[in-house]
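User: Please take a close look at the nonpolar core of this model. Put it in context with the annotated spans and the surface.

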Amino acid sequence: MSPIISYGDQIVSMHRSKTSAGFSLDIPLIMLVASFLRIFYWPGARFDASLLVQSLIMVVVQLILLKIALEHRPLPATKGGEGSAPFSGLEGGGPLAIQRPYNFWQWRSHKPYWHFLLYLLGGLIVCEILFRPMEPIYDAYSVMIGYLGLSIEATLPIPQLISNAQKQSCKGFRLSVLASWIGGDAMKVFWFFTSTSEIPMAFKVCGCFQAACDCLLGIQYFIYGAEDNDAILKEHAMEEAHWARGHRTSQSHTRSLSPSKRSAMFNEPESE
């Protein structure tokens, strides 16, 4: 039930607030790719069936999460929106700024996201059909996609770690997701090392790495909190700029009236 518990609250929150600002769009990317690979890893590895069921549920939940996040993503800064990462890229030239090839997974249109997932699924189906009759090649292929999928899943917290560090805030990232990540991965690692069923070593290594990253996210949440200090500072700066413009306008208006008043004072007696 980890997928529903972890991401159900995030989906509801974005749907109610009508914004996905602060939530890393790389999370559904990582989980969908990892889940697809793990599903196609199962026929060759035959690991515990509960992990397969979890992957299937994860695909459904992440597709819903991706749809909601795309529908409620903030507008780019050029159109008056927040333009926050990762939807418009990591801009600003800081140490965490990166430029992705072909703007991968940062497209403004919705279609490329779904096209990429369809191509990935279609490619895995074709490889499964082609390699299945060739036993030695299929065994190597199965191990490869298994380790690749688990390694990708282990990097799940990293995009959110980068996003939080860049914004110096955890706003938009739900505490419920963080708690479920830490608690769920702790139970998962414990189960990996104590289960009597067959659990490949790749699950154990990647699970430990992911749990460590979750702990770093917890430290970030403790340090930064969920408040968006930058937004508050920007709001104050806009108010000060607005006051300054109004003050300058009133001064210029006063200065423009002063010469006419002085000229009137001297011209009236002369005319008289």
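Analyst:
**Core, spans and surface**

The unreviewed UniProt entry annotates residues 21-43, 49-70 and 113-131 as "transmembrane region". The model itself is predicted. In it, residues 49-70 are 100% helix and 0% strand. The end C-alpha atoms of that span lie 32 Å apart. Residues 21-43 are 78% helix and 0% strand. Here the end C-alpha atoms are 38 Å apart.

Now the core. The largest nonpolar core holds 53 residues. Within it, Tyr 7, Trp 181 and Phe 203 touch the most other members. Seven-part lists are dull, but this one maps the core: two or more residues come from each of helix H1 (2-17), helix H2 (26-45), helix H3 (49-71), helix H4 (111-131), helix H5 (135-154), helix H7 (175-194) and helix H8 (201-224). H2 gives the most, with 11 residues.

Tyr 7 deserves a closer look. Beyond its neighbours within four places in sequence, Tyr 7 is in contact with Ile 27 and Met 31. Met 58, Val 61, Gln 62 and Leu 65 are also in contact with Tyr 7. Leu 156 and Trp 181 complete the set. Trp 181 is itself among the core residues that touch the most other members.

Next, the surface. Val 143, Tyr 147, Met 201 and Val 205 form a nonpolar patch there. Together they have about 380 Å² of accessible area. H5 and H8 each give two or more residues to the patch. Both helices also give two or more residues to the core. Val 143 lies in helix H5. Val 143 counts as partly exposed because its relative accessible area is 43%, between the 20% and 50% cut-offs.

Methods:
Residues are numbered from 1 along each chain as its sequence is written. This is a predicted model: local features need pLDDT of at least 70, side-chain atom pairs count only at pLDDT 80 or more; totals for chains, interfaces and linings use all residues. Side-chain values use heavy atoms; hydrogens and water are left out. UniProt positions are given in the numbering used here, feature names are shortened, and annotations may be inferred rather than shown by experiment. Helices (H or I, at least four residues) and strands (E, at least two) are DSSP runs, numbered from the N terminus. A nonpolar core is a set of buried Ala, Val, Leu, Ile, Met, Phe, Trp, Tyr and Cys residues joined through side-chain atoms within 4.5 Å. Buried means under 20% relative accessible area, exposed over 50%, partly exposed in between (1.4 Å probe, protein chains only). Contact means heavy atoms within 4.5 Å. Patches are made of residues with over 30% relative accessible area and no salt bridge: like charges are joined within 9 Å, nonpolar side chains (Val, Leu, Ile, Met, Phe, Trp, Tyr) within 5 Å. Accessible areas come from the Shrake-Rupley method with a 1.4 Å probe; for residues, only the protein chains shown count as cover. A salt bridge is a side-chain nitrogen of Lys or Arg within 4 Å of a carboxyl oxygen of Asp or Glu.
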